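Please open the model in a viewer and keep the selection panel at hand. The tour below proceeds by selections, from one helix to the chain as a whole.

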Amino acid sequence: MARHSAPRFSLLKQFLFAIVAIFSISTVAFLIKRAPSTPCGHYSDAGVKRFEPSPSPLAFMKSKRVLLVSHDLSLSGGPLLLMELAFLLRSVGAEVCWITNQKPSETNEVIYSLENRMLQRGVQPAVLSAKGQEAISRALKADLLVLNTVMAGEWLDDVLKENVPHVLPKVLWWIHEMRGHYFRLEYVKHLPLVAAAMTDSHATAEYWKTGTRDYLRIKMPDTYVVHLGNSKDLMEIAEDNVAKRVLHEHVRESLGIRDEDLLFAMINSVSHGKGQDLFLQSFYESLQLIVQKKLRVPSMHAVIVGSDMTAQPKFESQLRDFVRLNKIQDRVHFVNKTLTVAPYLAAIDVLVQNSQAQGECFGRITIEAMAFQLPVLGTAAGGTTEIVANGLTGLLHPMGKEGVTPLAKNMVTLATNVHRRLTLGKRGYGKVKEMFLERHMAHRIAKVLKEVLQKAKSHPKL
């Protein structure tokens with residue numbers, strides 16, 4: 001029997017239907033009606049000049065066989081970025097296969113959801129065994145193999161074994177980490193022999209160039225820097241004022257925060273490296289500064305999005321203990337880790353990017369916040385300094401305990417100066433439109449993939 005085709009909804013509509021489960025249906029219904037759709041009835045397009053979309057810079061990847069290897073499948077940045085690459089490649093007709101190296105024996109809700117998303121977008125087969133013969137066969141036949149994160153390097157020896165030399169000339173190693181404990185030969189001993197490495201920031205590239213030389217005595221391959229870009233899905237929501245208003249109201253209502261209150265947020269997985277503890281210290285100090293200086297500001301709140309008591313129980317408990325001991329339970333809110341950050345970006349006033357140690361490798365959430373015209377308060381380290389222009393699109397502060405007071409003062413500055421807050425946000429949005437869209441990222445990645453394919457083609461067969 002022929003299958004009836006369903007009406008095609010815009011990405012915005014699909015997103016709004018997804019959040020109906022979280023927010024009330026009645027207030028979202030009018031927005032769904034408003035969302036762009038194909039009009040019914042007669043429509044005359046006489047005199048309307050049609051523009052053909054420009055071809056994708058990745059069009060040359062059509063029919064190419066690509067194998068993507070991720071160390072895990074989770075809501076962390078690395079796997080999600082690799083999924084985006086998978087979807088970009090599928091959109092131009094590449095044959096894309098995904099392998100998860102460290103997959104738990106029992107599929108959890110997150111893995112099930114992400115695998116289904118990939119299957120729906122044509123990434124086949126999303127559940128391919130990492131260690132089966134089929135994985136070896138696909139690796140040998142692939143035109144391009146992308147290792148995602150440093151830890152994915154273990155898969156080479158664990159699975160390919162004697163076939164490793166055949167595969168290395170067509171490997172692009174996408175590195176996201178900026179932590180010293182990843183400088184281990186069992187992870188990266190094959191790194192000098194791959195076709196190329198790719199990082200999300202110049203800071204990360206320099207960190208790995210120096211670290212591999214000084215600690216491991218090995219040389220990095222040709223390394224390319226590809227700044228990320230915001231997806232079309234996110235930009236569609238960020239640029240729809242009605243959608244943002246609905247999300248703004250419902251998130252704040254769910255948190256018990258009034259429309260006129262000022263909301264600072266960190267949206268990261270909770271861990272020491274992300275600096276949520278120092279963020280809370282700064283927030284508490286900002287409240288004290290306001291009282292001491294008798295400043296008139298809106299009621300200030302802080303929200304930490306990314307909570308997961310099973311992942312970091314001790315650290316999470318310390319955060320909550322700090323809140324309780326300082327009696328700011330009515331000001332601080334914790335939200336579980338989520339794949340959908342747009343509602344929270346629509347609801348907050350300021351994003352805080354407080355990553356410690358070497359700083360953030362890039363910080364995708366930073367450019368996402370800028371798309372929502374939010375000012376960013378970030379640590380002056382890592383990829384954040386390649387995104388945030390201090391004093392123009394946000395304000396930077398030192399890392400560690402030395403940064404607690406400066407961050408607190410920056411919070412007070414934005415709390416007391418609405419014009420400054422809005423100006424920083426508008427400039428940030430302008431920078432996103434200029435540098436950090438999906439098409440910008442596609443152009444940057446396309447240049448790298450062309451180089452890798454050319455190297456693989458010119459390499460003698462083993």
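Begin by selecting residues 313–325, which form helix α13 in this predicted model. This helix of 13 residues reaches 18 Å from its first C-alpha to its last, close to the 18 Å expected at 1.5 Å a residue.

Within that selection, show the side chains of Phe315, Glu316, Leu319 and Val323, which are the buried residues of α13. When the view is turned to look down the axis of α13, these buried residues fall within an arc of 105 degrees, so they line one face of the helix. Lys314 and Leu325, by contrast, are exposed on the other side of α13.

What do the buried residues of α13 pack against? Add residues 276–292, 300–307 and 332–336 to the display: these are α12, β8 and β9, and the buried residues of α13 pack against them.

Next, move just past the end of α13 to lysine 327, where phi takes a positive value of about 55 degrees. Two further residues merit a selection for their backbone geometry.

- Select lysine 294, located in the loop between α12 and β8. Its phi is near 55 degrees, a positive value in a residue other than glycine. Lysine 294 is exposed, with a relative accessible area of 73%.
- Select arginine 217, in the loop that lies between α9 (202–216) and β6 (223–225). Here phi is near 60 degrees, again positive in a residue that is not glycine. Is arginine 217 buried or exposed? Because the cut-off for exposed is over 50%, arginine 217, at 65% relative accessibility, counts as exposed.

The following stop is a second helix. Select residues 404–416, helix α17. Its 13 residues should span 18 Å at 1.5 Å a residue, and the end C-alpha atoms are 19 Å apart, which agrees. Colour the buried residues of α17: Val404, Leu407, Ala408, Asn410, Met411, Val412, Leu414 and Ala415.

Now turn to two cysteines. Cysteine 97 has a relative accessible area of 3% and is buried. Cysteine 361, with a relative accessible area of 8%, is likewise buried, since the threshold is under 20%. The structure holds zero disulfides.

Then release the selections and display the whole chain. Its secondary structure comprises 19 helices and twelve strands. Of the 462 residues in the chain, 52% are buried. Among contacts with a separation of 6 or more, 76% are accounted for by residues 24 or more positions apart. With the surface switched on, the chain exposes about 22500 Å², and carbon and sulfur atoms supply 52% of that area.

Finally, colour the chain by pLDDT. The mean is 88, and 87% of the residues reach 70 or more. Select residues 1–15, over which the pLDDT is below 50; beyond near neighbours in sequence, this stretch has 21 contacts in the model. Then select residues 20–49, where pLDDT also stays under 50. For residues 20–49, the model has 29 contacts beyond four places in sequence.

Key
Residues are numbered from 1 along each chain as its sequence is written. This is a predicted model: local features need pLDDT of at least 70, side-chain atom pairs count only at pLDDT 80 or more; totals for chains, interfaces and linings use all residues. Side-chain values use heavy atoms; hydrogens and water are left out. Helices (H or I, at least four residues) and strands (E, at least two) are DSSP runs, numbered from the N terminus. The expected span of a helix is 1.5 Å times one less than its number of residues. Buried means under 20% relative accessible area, exposed over 50%, partly exposed in between (1.4 Å probe, protein chains only). The arc is that of the directions from the helix axis to the C-beta atoms. Contact means heavy atoms within 4.5 Å. Accessible areas come from the Shrake-Rupley method with a 1.4 Å probe; for residues, only the protein chains shown count as cover. A disulfide is a pair of cysteine sulfur atoms within 2.5 Å. pLDDT is the predictor's confidence in each residue, from 0 to 100.
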